Amino acid sequence: MTNERITIIYDNRSSREDLQPGWGFSALVEHGGKRLLFDSGGDKIVLEANASALGIDLKSTDYLFFSHEHCDHVGAASSALHKGLTVVYPASFSQPFKKKVEAAHARSIQVTKPIEFLPGFLSTGELGSTILEQSLIIRTASGPVLITGCAHPGIVEIARVATDLAGEPLRLVLGGFHLGTTSTDKVRKIAASLQALGVRQVGPCHCTGESAIRILQQEFGPDGLEVMAGTQIPL
Ligand SMILES: [Zn+2]
Ligand SMILES: [Zn+2]
């Protein structure tokens with residue numbers, strides 16, 4: 001299949017001068033003939049400008065997957081909603097959000113438990129106790145790929161659940177790991193726990209924190225990927 005890849009549209013950091021950095025996260029997954037947008041980032045202007053610079057038509061997506069209802073992940077939702085779209089989001093999302101999806105004439109899949117909502121695309125289900133968040137698992141020929149928004153339920157816990165659901169070790173864990181205030185020792189332990197689960201590659205970005213990103217890259221060596229707006233990862 002051609003164009004099997006993940007493209008980071010929106011991130012705290014940017015790899016190209018024509019792409020704006022912004023606090024938030026959004027990525028396009030092209031896999032199995034489907035185009036899925038993971039989160040929308042926070043600012044419509046940044047999302048639209050970056051998508052346009054990357055040649056991505058936000059109105060031609062098939063699925064829109066939201067990890068959790070924080071403004072840096074859903075703030076630009078209205079730029080990404082369109083008729084014919086299926087929006088996959090935690091059932092705990094607010095009524096105003098659900099109304100917005102309805103008003104755009106998009107279909108809703110409200111997630112509580114783990115679900116394969118499309119062949120090859122699974123949700124971990126809502127995880128966490130205070131901030132409920134779902135993460136995305138994509139089955140690929142080279143192993144399952146996990147994408148997280150902010151990883152509020154804990155990156156190791158999410159990876160553990162995803163590994164169980166996928167039934168095999170994860171090839172890549174990508175997204176916000178939320179380790180901005182985590183000590184060096186604890187980040188090293190997290191890297192070791194991910195490696196113990198069999199995680200081959202990590203792509204920490206967004207809210208992971210600069211220092212945690214460096215430590216994870218040290219621990220994973222060349223399998224600690226540099227991920228920011230403009231990064232493309234073949235699937
Ligand atoms: Zn975030
Ligand atoms: Zn968040």
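**Two open sheets and a buried histidine**

H206 counts as buried because 31 C-beta neighbours lie inside 10 Å; here, buried means 20 or more other C-beta atoms within 10 Å of a residue's own, exposed means 12 or fewer, and partly exposed is in between, with C-beta atoms placed from the backbone. H206 sits in the loop between β12 and α7, and its phi is positive, about 45°, although it is not a glycine. This is a predicted model, in which local features need pLDDT of at least 70 and side-chain atom pairs count only at pLDDT 80 or more, while totals for chains, interfaces and linings use all residues. Residues are numbered from 1 along each chain as its sequence is written, and chains are lettered from A and ligands numbered from 1 in the order in which they are written.

A second residue of this kind is A151, with a positive phi near 55° in a residue other than glycine. A151 belongs to the loop between β10 and α5 and counts as buried, since it has 28 C-beta neighbours inside 10 Å. For context, most residues other than glycine have a negative phi.

Overall, the protein chain has seven helices and 13 strands; these are DSSP runs numbered from the N terminus, with helices being H or I of at least four residues and strands E of at least two. Its C-alpha trace spans about 45 × 40 × 40 Å along the principal axes. The radius of gyration of the protein chain is 16 Å, which agrees with the value near 18 Å for a compact globule of 235 residues; the radius is taken over C-alpha atoms, and the globule rule is 2.2 Å times the number of residues to the power 0.38. Of the 235 residues, 49% count as buried. Contacts (C-beta atoms, placed from the backbone, within 7 Å) often bridge long stretches of sequence: of those between residues at least 6 apart, 62% join residues at least 24 apart.

One open sheet has seven strands in the order β6-β5-β4-β3-β2-β1-β13, with mixed pairing; strands pair if DSSP finds at least two bridges between them. Its edges are β6 (107-111) and β13 (232-234), each pairing on one side only. Neighbouring strands here are turned by 20° against each other on average, direction ignored; axes are lines fitted to C-alpha atoms, for helices over the stretch in contact, and angles run from 0 to 180 degrees between N-to-C directions. Helix α1 (residues 44-53) packs on this sheet, where it touches β1 (5-10) and β2 (26-31), and its direction makes about 135° with that of β1. Within the sheet, β4 (residues 63-65) and β5 (residues 86-90) run parallel and are joined by three bridges, with L64 opposite V87 in β5. On the edge strand β6 is I109, which counts as partly exposed because it has 15 C-beta neighbours inside 10 Å. Leaving aside residues up to four places away in sequence, I109 touches T86, V88 and F117.

The other open sheet described here has six strands, ordered β7-β8-β9-β10-β11-β12, and its pairing is also mixed. Its edge strands, β7 (115-118) and β12 (201-205), each pair on one side only. The twist averages 20° from one strand to the next. Three bridges tie β7 to β8 in antiparallel fashion, E116 having L122 of β8 as its bridge partner. These two strands form a hairpin with two residues between them, and G120 in the turn has a positive phi of about 90°. Further along, β10 (residues 145-148) and β11 (residues 172-176) run parallel with four bridges, and I147 partners L174 in β11. Helix α5 (residues 155-166) lies across β8 (121-123), β9 (136-138), β10 and β11, running at about 145° to β10.

The largest nonpolar core (buried Ala, Val, Leu, Ile, Met, Phe, Trp, Tyr and Cys joined through C-beta atoms within 7 Å) has 69 residues, of which L64, A159 and V173 touch the most other members. Not counting residues up to four places away in sequence, A159 touches L146, L170, V173, L194, L197 and V199.

Helix α7 (residues 210-220) has buried residues A212, I213, I215, L216 and F220. They cover an arc of only 165° around the axis, which puts them on the same side of α7; the arc is that of the directions from the helix axis to the C-beta atoms. Among the elements covering these buried residues are α6 (184-196) and β12. The face of α7 turned away from the buried side carries the exposed residues E210 and Q218. After α7 comes G221, with a positive phi near 60°.

Terms used
Contact = placed C-beta atoms within 7 Å.
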